[in-house]
Amino acid sequence: MPISISKRKEIEEMGKPTGFLEYERSVSNDVEEKQRIKNFNEFHTHLSMEEQQLQGARCMDCGVPFCQSGMTLGGMTSGCPLHNLVPEWNDLVYTGNWEQAYERLHKTNNFPEFTSRVCPALCEAACTCNLTGEPVATKENEYAIIENAYEKGYAAAKPPKTRTGKTVAVIGSGPSGLAVADQLNKRGHLVTVFERSDRAGGLLMYGIPNMKLEKHVIERKIKVMEDEGITFVINADIGKSVKAEKLMKEFDCIVLACGSSNPRDIDAPGRDAKGIYFAVDFLSRNTKSLLDSGFKDKKYVDTKNKHVVIIGGGDTGNDCVGTAIRHGAKSVAQIEMMPKAPGQRAEDNPWPQWPKICKTDYGQEEAIALYGHDPRIYESTVKEFIKDKDGNLKGVKIVSLCQEKDIVTGRMKMTQIKGSERVLDADLVLIAAGFLGSQKYVADAFKVKLDQRGNVWTADGSFKTSMERVFTTGDMHTGQSLVVKAIRQGRECAREVDESLMGYTNLYIQ
């Protein structure tokens with residue numbers, strides 16, 4: 001956007017290495033908790049373009065930009081796995097060169113409209129500004145870049161000028177499958193994406209609730225990809241409604257990108273009680289009912305006036321908290337096995353490692369505002385699901401845990417504390433305990449090997465499966481992970497597929 005005369009001198013000074021000292025970090029405002037729970041809309045009020053440019057000034061032109069490193073430090077990822085050119089497009093934001101900022105961002109990230117909403121901002125955690133104060137508002141700069149790009153037409157469809165005649169089938173339309181498709185289509189291959197659900201988007205569409213990622217954002221990008229020549233086939237359950245043999249005959253290469261969709265169960269007495277659901281089913285049914293009918297079809301799991309217990313303290317568990325609250329839950333409790341993390345970095349968790357500190361997410365904030373306390377119960381696990389005479393769930397017996405060192409392995413483990421059992425009221429339980437590999441029927445349909453964790457096997461550093469012409473990527477390849485890592489995997493897989501088709505590749509990864 002044009003820079004006003006009053007701001008021009010200020011903007012000119014943004015290139016100074018002292019910008020992070022001269023300007024305070026400022027991010028979007030959130031709608032107040034009791035107000036935003038009245039609907040399933042995104043609830044952030046973003047800065048103006050001019051204010052966002054001032055935030056770009058805070059990028060300090062540091063000598064070693066850990067924000068874009070994507071390294072593994074202390075067993076955790078530090079910096080952006082996509083190696084986004086963060087300092088470059090932060091610089092372009094503060095000077096108001098929005099189109100160039102989009103080109104630099106889109107060079108490494110196929111879907112900034114997704115990551116700017118759902119990524120945990122690994123870049124910000126690794127920002128050098130953390131050493132002296134608060135990090136650059138990189139995630140919100142990214143949001144401003146991509147939304148401005150759509151508004152100005154920079155993000156419009158750009159079909160490839162030439163086609164190779166090679167055909168690729170991508171099975172699954174989550175973030176990794178979409179990244180593979182987008183990259184291979186840019187190269188000129190003819191790509192068809194098969195999705196078993198009734199809408200494209202995979203995890204993005206049905207695994208992430210609307211208040212984190214409104215679905216018109218996904219549909220907008222899918223439309224661009226279609227205009228660029230990618231074909232989407234929905235309601236196509238490969239291995240069931242569509243035969244794998246048929247695809248092997250029709251396409252030069254197959255990419256399996258079906259995610260890690262086997263939910264981890266809880267083995268405890270009373271597990272057969274009525275009223276226990278996996279979180280993925282709960283969230284999927286909620287979003288589908290919202291999109292199909294605005295909840296009028298009643299095909300979602302209703303939490304109204306119910307005591308809800310969520311097993312799992314991660315992002316999915318938090319999404320269940322926020323969703324249950326929006327449907328009018330009487331109470332919400334969230335069971336977490338691990339101890340509460342500290343409020344600040346511990347000495348053995350220095351920058352630029354990912355900070356292992358306590359995070360209170362939007363769902364927990366809403367529970368605190370509504371019920372007056374944090375819903376999380378730390379160092380606890382479920383010992384029994386309690387049923388009434390009709391088999392309906394009426395309570396959950398939990399037991400406290402403590403950390404002890406295993407005398408055999410020397411590792412710390414969680415041990416139940418005798419006599420610490422207590423019962424929580426529970427009309428509904430949601431299991432958000434993670435996932436255990438991909439669904440086996442797809443792998444079986446293509447006759448590919450699985451590894452010990454239930455993921456599709458490949459050689460180290462490769463995306464080729466045990467079957468000729470069949471590749472895999474994303475959570476189906478590595479297990480449950482982040483959207484940003486899935487996109488990175490998709491880009492790397494696309495290079496390998498392209499090389500197998502053409503004998504060489506010029507696809508850019510960074």
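How much space lies in the largest cavity? About 110 Å³, and that is where this tour will end up.

Before you click, some ground rules. The model is predicted, so to speak of local features takes pLDDT of at least 70 and side-chain atom pairs count only at pLDDT 80 or more, while totals for chains, interfaces and linings use all residues. Residues are numbered from 1 along each chain as its sequence is written, and side-chain values use heavy atoms, with hydrogens and water left out.

**Stop one: a parallel sheet.** Select β7, β6, β5, β8 and β18, which form an open five-stranded sheet in that order with parallel pairing. Strands here are DSSP runs of E, at least two residues, and helices are runs of H or I, at least four, numbered from the N terminus; two strands pair if DSSP finds at least two bridges between them. β7 (231–233) and β18 (470–472) are the edges: each has a single partner strand, so one side of each is left without a neighbour in the sheet. From one strand to the next, the twist averages 20°. Now zoom in on β6 (190–194), joined to β7 by three bridges, and find Phe 194 opposite Val 233.

**Stop two: another parallel sheet.** Select β9, β17, β10, β11 and β12 for an open sheet of five strands in that order, again with parallel pairing. Its edge strands are β9 (276–278) and β12 (376–377). Add helix α14 (279–293), which packs on the sheet and touches β9 and β17 (428–431), heading about 80° from the direction of β9. Touching means heavy atoms within 4.5 Å; axes are lines fitted to C-alpha atoms, for helices over the stretch in contact, and angles run from 0 to 180 degrees between N-to-C directions. Over at β11 (331–335), two bridges lead to β12, with Ile 335 partnering Ile 377.

**Stop three: the cavities.** There are two of 30 Å³ or more. A cavity is a set of points on a 1 Å grid over the protein atoms alone where a 1.4 Å probe fits but cannot get out, and lining residues have an atom within 4 Å of a point. The second largest holds about 40 Å³; select Pro 263, Phe 278 and Phe 435, among its lining residues.

For the largest, at about 110 Å³, select Cys 80, Asn 84, Cys 119, Cys 123 and Glu 142, the closest to its centre of 14 lining residues. Helix α9 gives the most to this lining, three residues.

Key: 1 Å grid on protein atoms, 1.4 Å probe; cavity = no way out; pocket = protein on both sides within 12 Å on 5 of 7 lines; lining within 4 Å. Points joined across faces, edges and corners; volume = space filled by probe spheres on them.
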